[in-house]
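Dear colleague,

Here is the structure I promised to hand over, and below it I have written down what was found in it. Please read the notes with the model open beside you.

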Amino acid sequence: MVSLNQLVAVCLLYVVGLFAVAFAAERAAARGRGDWLLRSPLVYTLSLSIYCTAWTFYGAVGYAARSGLEFVTIYLGPSLVMIGWWWILRRLVRIGRSHRVTSVADLISSRYGKSNLLAILVTIMAVIGVTPYIALQLQSVTLSLSIFASAEPQAPSGGGQINSAQAAFWVAVGLALFTVLFGTRNFIAIAVEAVVKLLALLAVGAFVVWGVAGGVEQTLAQIDRSAIGQWQVEGGRWTALTLLAAAAFICLPRMFQVLVVENGDERHLQTASWAFPLYLMLMSLFVVPIAVVGLDLLPEGSNPDLFVLSLPLSQGQNSLAMFAFLGGFSSATSMVIVATLALSTMVSNHIVMPIWLTYGQNTVQQSGDVRHVVILSRRLSILLIISLGYCYYRLSGGGGALAAIGTISFGGVAQFLPVLLGGIFWRGATRTGAICGLTV
């Protein structure tokens with residue numbers, strides 16, 4: 001049986017491995033030998049996988065178990081954007097390059113007369129909107145740890161429990177430290193994490209279909225007998241959720257960071273327009289089989305958000321369960337890293353630095369160098385943002401389905417889409433109108 005100490009040790013080794021990959025890639029690029037890999041469309045496409053957080057790794061199965069095929073909307077929205085809207089993304093990349101934007105707030109501000117007031121408003125809304133998403137990552141890691149704790153042989157009858165609040169606190173501390181140390185523009189490690197979480201989910205799915213259900217035909221028959229297999233589509237709800245996922249895919253600070261800011265060649269969008277939907281399809285391939293088999297096999301009342309872990313554990317597949325845990329851990333860490341780096345850049349550039357330049361002019365005039373202030377403000381912003389996520393987790397009680405928490409964040413950042421598209425395509429759009437729209 002896998003112990004919590006073993007899980008922590010494996011996670012630390014995994015993090016060290018990611019640092020080693022990032023360091024090796026940076027050294028190779030500095031010597032001019034690995035720059036082609038850093039700028040390849042493959043790494044760019046895999047970097048987009050930060051869309052697949054703990055929500056899609058754990059929560060999609062729970063979503064399917066609770067709401068049937070409605071979970072498809074969280075994959076359908078981004079796929080439609082990449083396939084049908086890639087020309088809009090190309091325009092965003094071109095505008096971002098010409099204006100040298102560093103964030104979604106920076107781009108919106110630049111399209112409305114470089115209004116810092118508008119940038120501040122977008123930054124505050126982004127921090128508020130992403131806070132529940134960070135809490136979701138904390139909740140997913142804490143819940144996955146509780147599954148292993150309850151499965152330990154020394155646990156008392158009825159399952160052992162960890163202190164969720166304490167576990168979430170130390171997970172938040174670890175993620176904050178990891179993000180501060182990882183503060184690099186090297187996305188090779190993010191691409192590695194994309195492969196890890198995809199292979200982990202595929203491994204669990206393959207085990208469930210061929211190792212538990214008995215094959216594809218038996219699995220399909222089991223799906224047909226279940227409530228999940230009933231094709232019920234509420235047109236209005238599906239449309240709304242699909243549009244929400246599509247809007248969030250463009251407007252989430254971490255997605256904008258990868259899609260636009262980190263795009264080194266707009267031709268990469270052509271590859272990503274088919275490769276990323278393929279990645280999403282593979283991520284969703286075994287969601288329904290895992291949900292159906294989990295509902296049939298596991299005790300009533302089991303948390304469906306954790307079927308990816310609890311199913312292998314129930315069959316004595318401890319190594320597979322640990323691999324699945326690493327996949328979920330990768331999903332959470334990659335999201336927190338890129339999201340907090342993007343948000344900290346926005347907070348530093350549009351809130352902290354304007355205040356510093358206004359009230360710290362003497363210091364600036366004496367030294368002429370504000371780099372240390374920028375670095376310090378970004379690191380403190382990272383700690384603040386992750387702290388807000390932890391506070392949200394505590395105030396919400398750490399309850400609720402993962403998909404519900406993710407939808408809250410999607411709804412928050414989707415407010416940027418009208419202002420963003422208006423600034424690009426509508427010449428009559430004004431700063432006052434944008435501020436009023438966001439405020440309402």
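**Notes on the model**

Alanine 203 lies in helix H10, where helices (H or I, at least four residues) and strands (E, at least two) are DSSP runs numbered from the N terminus. This is a predicted model, in which local features need pLDDT of at least 70 and side-chain atom pairs count only at pLDDT 80 or more, while totals for chains, interfaces and linings use all residues. Residues are numbered from 1 along each chain as its sequence is written, and side-chain values use heavy atoms, with hydrogens and water left out.

With a relative accessibility of 25%, alanine 203 counts as partly exposed; buried means under 20% relative accessible area, exposed over 50%, and partly exposed in between (1.4 Å probe, protein chains only). If its neighbours within four places in sequence are left aside, alanine 203 is in contact with Leu320 and Phe323, contact meaning heavy atoms within 4.5 Å. The C-alpha atoms of alanine 203 and isoleucine 250 are separated by 30 Å, and these residues are 47 apart along the chain.

Helix H10 (residues 188–213) also meets helix H11 (residues 216–225), since their axes come within 8 Å and cross at roughly 95°. Axes here are lines fitted to C-alpha atoms, for helices over the stretch in contact, and angles run from 0 to 180 degrees between N-to-C directions. H10 and H11 are therefore roughly perpendicular to each other (under 35 degrees counts as roughly parallel, over 145 as roughly antiparallel, 65 to 115 as roughly perpendicular and the rest as oblique). On the H10 side the contact is made by Val209, Trp210 and Ala213, and on the H11 side by Val216, Gln218, Thr219 and Gln222.

**Salt bridges**

Side chains of opposite charge can pair when their charged atoms come close. The structure holds five salt bridges, each being a side-chain nitrogen of Lys or Arg within 4 Å of a carboxyl oxygen of Asp or Glu. In one of them, glutamate 70 pairs with arginine 237, and the closest N and O atoms are 2.6 Å apart. Glutamate 70 lies in the loop between helix H4 (54–67) and helix H5 (73–84), and arginine 237 in helix H12 (residues 235–251), so the pair ties together parts that are 167 residues apart in sequence. Glutamate 70 is buried at 8% relative accessible area, whereas arginine 237 is partly exposed at 42%.

Glutamate 266 forms a salt bridge with arginine 94 (2.8 Å, N to O). Because glutamate 266 lies in the loop between helix H13 (253–261) and helix H14 (268–284) and arginine 94 in helix H6 (residues 86–99), this pair ties together parts that are 172 residues apart in sequence. Glutamate 266 is buried, with a relative accessible area of 18%, while arginine 94 is partly exposed at 44%.

The side chain of glutamate 266 also meets that of arginine 97 in a salt bridge (3.9 Å, N to O). Here glutamate 266, in the loop between H13 and H14, is linked with arginine 97 of helix H6, 169 residues apart. Salt bridges that share partners thus join Arg94, Arg97 and Glu266 into one network.

**Elsewhere in the chain**

Glutamine 6 is placed in helix H1 (residues 4–30) and is partly exposed, at 39% relative accessibility. Its C-alpha atom is separated by 9.4 Å from that of methionine 322, although their positions lie 316 residues apart along the chain.

With kind regards
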